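Please open the model in your viewer and keep the selection panel at hand, since this tour moves from one selection to the next.

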Amino acid sequence: RTQTLLKEYKERDKSNVFRDKRFGEYNSSMSPEEKMMKRFALEQQRHHEKKSIYNLNEDEELTHYGQSLADIEKHNDIVDSDSDAEDRGALSAELTAAHFGGGGGLLHKKTQQEGEEQGQAKSRKELIEELIAKSKQEKRERQAQREDALELTEKLDQDWKEIQTLLSHKTPKAENRDKKEKPKPDAYDMMVRELGFEMKAQPSNRMKTEAELAKEEQERLKKLEAERLRRMLGKDEDENVKKPKHTSADDLNDGFMLDKDDRRLLSYKDGKMNVEEDGQEEQSKEASDPESNEEEGDSSGREDTEESDSPESHSDLESNIESEEENEKPAEEQQQAPGRGLTSGKERAGKAARDELPYMFAAPESYEELRSLLLGRSMEEQLLVVERIQKCNHPSLAEGNKAKLEKLFGFLLEYVGDLATDDPPDLRVIDKLVVHLYNLCQMFPGSASDAVRFVLRDAMHEMEEVIETKGRATLPGLDVLVYLKITRLLFPTSDFWHPVVTPALVCLSQLLTKCPILSLQDVVKGLFVCCLFLEYVALSQRFIPELINFLLGILYIATPNKASQGSTLVHPFRALGKNSELLVVSDREDVATWQQSSLSLRWASGLRAPTSTEANHIRLSCLAVGLALLKRCVLMYGSLPSFHAIMGPLRALLTDHLADCSHPQELQELCQSTLTEMESQKQLCRPLTCEKSKPVPLKLFTPRLVMNSQPQVIHPPWPSNYRCEPQHPAKKVIFVKVVML
């Protein structure tokens, strides 16, 4: 269709048609060489058809751009090397006519004319010399004309300047610009110019994603672990690197041979080459014939000896090296003789590599596995092990790493509890492990909240079981208190309700209300719980009545029992009994030697009983911590309307008893500052009071309203037997009916 119908469609309504009659132009079966040969043959045939077809001895004259190839081969070109830059490559008309326009006729014409004038013919050499002389003469004339034109132009410019000054008295623009004072650039222009010269910011590299960073860290640890294993096995770095063998400058490598013939026999099976099967067979043969490898090694050794005996080998150099080594060995043996018991350098490096911490760790599948990895190591090594476990098992590196790290959070939480119950508790390691717990909690908040909730629920169930069996329960161990502290660090405490923080607050309130205070250990634990309470509500400023009640009990048991303390104690404190004066210090020497310091949590573990002096110092420290917590509560709850009612019993204790006791100066100053803060708070509510007498209401008269529209006389409200006085006979009573609209 494209070759027939389309051409007819394009050529419709056209009388003139351009037809390409080149031979073989649209014949795809012919090559370009064949087309050219055939066209040349047709051209020659057409050329011969124009002349006599019977003349067989006629010679053909070959031309190139209208010139005969026979004339071109004479090489009669004349090069004018004296032409200047302006006329470079330009030839004169006579020279051009002589060489490119059929110079034979021109030369013949000139020779005839000159021969007629002079009566004798000139040779070809003389004619060429005359042409050269004429071209040089023309060149000199053109140069002279150019110089004359340049002089005339300069003279004309000078004359024009003189005339221009006479035409107008205005100064040239260039002189005006010089005379005008340039305005000084203002501060804005200067700043713009300075900004133009400032360094432009260079584009930085793209920030890497978390997955890319984890991949790079894993590759780095793999490389370090491979180097550690190499050192542990005593391998050198350059073992796998082949050292270049010494070759002489005269060596022509005549004995070059391939170490191994890697060529394989070509075989086919089912129309396919079985190259892989041959490779597997060779590997199996190598694995099954170790003796043959040894024999090959022996034979290669023999070949080496034979090569060494050959005249082209370098046995002379090797013998010199061996002799030098033999001379050095006795000296080394003499130096190492006194220290033969010491290990060699490689053995020492291997031992150091074995003692070095591995760089790659698999995620532990159980708590015992994690404990075995961390137990017996220093704090830095434990932290490094946990960090490398997280980096080697990042969730972006493999599919199951997320579940492994979720388990790791629970294992670390359990390990922290074990550290808290040790003797003494390793609080420094716990403090550093909290950072890794926080990172894991940010990665997996759901599993972390479930693990913490499970730990707190388990502790509360144990306390409830003890209360059901014994009737009372002591405060939990240091591990539960550490869990409560970690909960505040991992989760937000300012929310109105939180799935982890809210149960933790309930747990703290249960500890302050259900666990009685029976010893100094309980007092230390209770004060720690109060500190946690204040940290939990520092942002929300939620009122905690259990906290105020516990601080009131601490101040009560720090004062000797007298008639009335101005307050009523509730559980877990008792007004009278064995522990009612638990924090009272009667030894004056211990009071004088006490120094205010932070209360250590090691006394909360109860693993070592304190001496009498230490016990008195602990009592005074507990009282100082209680007063500091009370002062923080005063500052926090000062804006409550019922502040003064809440702090009334505490103010009575501080005013009547603690201010007069013989406590150290630091405690008295702290007590006075707390009282000052209480009194400085404003009274935000006014108490309700009853009025003395009820006010008498005024007597009111209400009109009588009638709903019907009939005119009716309204009778007065006085009785019918009432009569008007005689002194007013003309007075009439007029009643108006009130109609509701």
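What follows is a walk through a predicted model, beginning with the whole chain and then turning to individual elements and residues.

Start with the complete protein, coloured by secondary structure: among its 741 residues, 25% are buried, and the secondary structure amounts to 28 helices and four strands. If you display a contact map, consider the contacts whose sequence separation is 6 or more, of which 68% join residues that are 24 or more positions apart.

Next, select helix α21, residues 520-536, together with helix α25, residues 612-636, whose axes lie 11 Å apart and pack at an angle of about 20°. Because angles under 35 degrees count as roughly parallel, α21 is roughly parallel to α25. The crossing in which α21 passes α25 is left-handed. To see the contact itself, show the side chains of L520, V523, V524, L527, C530, C531 and L534 on α21, and on α25 those of A615, I618, R619, C622, V625, G626, L629, R632, C633 and M636. Sorted by character, the residues of this contact comprise 14 nonpolar, one polar and two charged.

Now move to the largest nonpolar core, which holds 111 residues, and highlight F409, L484, V523, Y536 and M647, the members that touch the most others. The element that gives the most to this core is α25, with twelve residues. Centre the view on Y536 and, setting aside residues up to four places away in sequence, look for its contacts with L484, T487, R488, T493, V501, A504, L505 and L508.

Then select T674, which sits in helix α28, residues 665-680. Is T674 buried or exposed? T674 is buried, because its relative accessibility is 0%, and the cut-off for a buried residue is under 20%. Around T674, apart from neighbours within four places in sequence, the residues in contact are L627, L630, K631, V634 and L654.

Finish at K235, in the loop that runs between α9 (210-232) and β3 (268-269). With a relative accessible area of 44%, K235 is classed as partly exposed, since that class covers values between 20% and 50%. Add G350 to the selection and draw a C-alpha to C-alpha distance, which comes to 8.9 Å although K235 and G350 are 115 residues apart in sequence.

Conventions
Residues are numbered from 1 along each chain as its sequence is written. This is a predicted model: local features need pLDDT of at least 70, side-chain atom pairs count only at pLDDT 80 or more; totals for chains, interfaces and linings use all residues. Side-chain values use heavy atoms; hydrogens and water are left out. Axes are lines fitted to C-alpha atoms, for helices over the stretch in contact, and angles run from 0 to 180 degrees between N-to-C directions. Helices (H or I, at least four residues) and strands (E, at least two) are DSSP runs, numbered from the N terminus. Angles under 35 degrees count as roughly parallel, over 145 as roughly antiparallel, 65 to 115 as roughly perpendicular and the rest as oblique. A crossing is left-handed if the near helix is turned anticlockwise from the far one by less than a right angle, and right-handed if clockwise. Contact means heavy atoms within 4.5 Å. Ala, Val, Leu, Ile, Met, Phe, Trp, Tyr, Cys and Pro count as nonpolar, Asp, Glu, Lys and Arg as charged, and the others, Gly among them, as polar. A nonpolar core is a set of buried Ala, Val, Leu, Ile, Met, Phe, Trp, Tyr and Cys residues joined through side-chain atoms within 4.5 Å. Buried means under 20% relative accessible area, exposed over 50%, partly exposed in between (1.4 Å probe, protein chains only).
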